Amino acid sequence: MNVASVQEFTHSDQLLPVLAGSAAGGFPTPAADFYEPPISLDELLNIRAPHVWVVQLEGDSMSGAGLYDGCRLIVDRSIQARSGHIVLAYVDNQPLVKRLSKSPEGWHLVSENPNYKPVAPTEYEAIEIFGVVTWSLTPHAI
């Protein structure tokens with residue numbers, strides 16, 4: 001993951017239309033006969049808040065959690081990280097996205113891919129939790 005350069009995203013007050021109900025992932029369902037009010041992605045993702053950051057994920061260590069190489073993550077610094085949260089952490093000043101886990105031996109940063117071993121605090125000089133991942137944005141057609 002590369003967060004060396006901070007990019008600023010411009011905000012828009014553009015509202016997006018919302019389809020009524022939800023879309024079936026399995027079999028088709030009858031469409032509803034009403035529309036829902038438009039939504040603002042700024043409000044939905046809370047991306048105007050100064051404590052919310054966007055970072056692009058690099059690598060496949062979190063693929064088991066549905067986070068893939070190239071997706072953008074919304075990271076909220078105001079949320080207190082708890083066991084089970086996916087977090088952006090700095091391990092020896094290098095950014096890393098992992099699941100925070102507490103075991104009898106202490107806190108660990110765990111990958112969602114069995115090809116990667118957990119990161120234990122005793123193996124590194126410093127581990128700092130930057131924020132909690134609240135949303136992921138994955139491109140499907142480019």
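Mentor: A residue is called buried when its relative accessible area is under 20%, exposed when that area is over 50%, and partly exposed in between (1.4 Å probe, protein chains only). By this rule, buried residues make up 28% of the 142 residues in the chain. The model is predicted: local features need pLDDT of at least 70, side-chain atom pairs count only at pLDDT 80 or more, and totals for chains, interfaces and linings use all residues. Residues are numbered from 1 along each chain as its sequence is written, and side-chain values use heavy atoms, with hydrogens and water left out.

Trainee: What order do the elements of the chain follow from the N terminus on?

Mentor: The order is β-β-α-β-β-β-β-β-β, that is, one helix and eight strands. Helices (H or I, at least four residues) and strands (E, at least two) are DSSP runs, numbered from the N terminus.

Trainee: What makes a set of residues a nonpolar core, and which residues form the largest one?

Mentor: The members must be buried Ala, Val, Leu, Ile, Met, Phe, Trp, Tyr or Cys residues joined through side-chain atoms within 4.5 Å. The largest core has 12 residues: Val-55, Leu-57, Met-62, Leu-67, Cys-71, Leu-73, Val-75, Ile-86, Leu-88, Val-97, Phe-130 and Val-133. At least two residues of this core come from each of β4 (72-76), β5 (86-91) and β8 (127-137). Apart from it lies another core, of eight residues, among them Ala-81, Ala-89, Val-91 and Leu-100. In soluble globular proteins, nonpolar side chains tend to be buried together.

Trainee: How do you know that Phe-130 is buried or exposed?

Mentor: The relative accessibility of Phe-130 is 13%; the limit is under 20%, so Phe-130 counts as buried.

Trainee: Why is the pair of Trp-53 and Phe-130 called edge-to-face?

Mentor: Rings of Phe, Tyr and Trp (its six-membered ring) pair if their centres lie within 6.5 Å; planes under 30 degrees apart count as stacked, over 60 as edge-to-face and the rest as tilted. For Trp-53 and Phe-130 the centres are 5.5 Å apart and the planes stand at 80 degrees, so both conditions are met. Trp-53 lies in strand β3 and Phe-130 in strand β8, so this pair ties together parts that are 77 residues apart in sequence. Trp-53 is partly exposed, at 35% relative accessibility.

Trainee: What makes Tyr-90 and Phe-130 a pair as well?

Mentor: Their ring centres are 5.8 Å apart and their planes lie at 65 degrees, so this pair is edge-to-face. Tyr-90 belongs to strand β5 and Phe-130 to strand β8, so parts that are 40 residues apart in sequence are tied together. Trp-53, Tyr-90 and Phe-130 thus form one aromatic cluster.

Trainee: What is notable about the phi of Asn-46 and of Asn-93?

Mentor: Most residues other than glycine have a negative phi. Asn-46 has a positive phi of about 60 degrees, and phi of Asn-93 is near 65 degrees, also a positive value. Asn-46 lies in the loop between α1 and β3 (52-56), whereas Asn-93 lies in the loop between β5 and β6 (94-103).

Trainee: Why is Asn-93 placed in another accessibility class than Asn-46?

Mentor: Asn-93 has a relative accessible area of 68%, which is over 50%, so Asn-93 is exposed. Asn-46, with 36%, falls in between the two limits and is therefore partly exposed.
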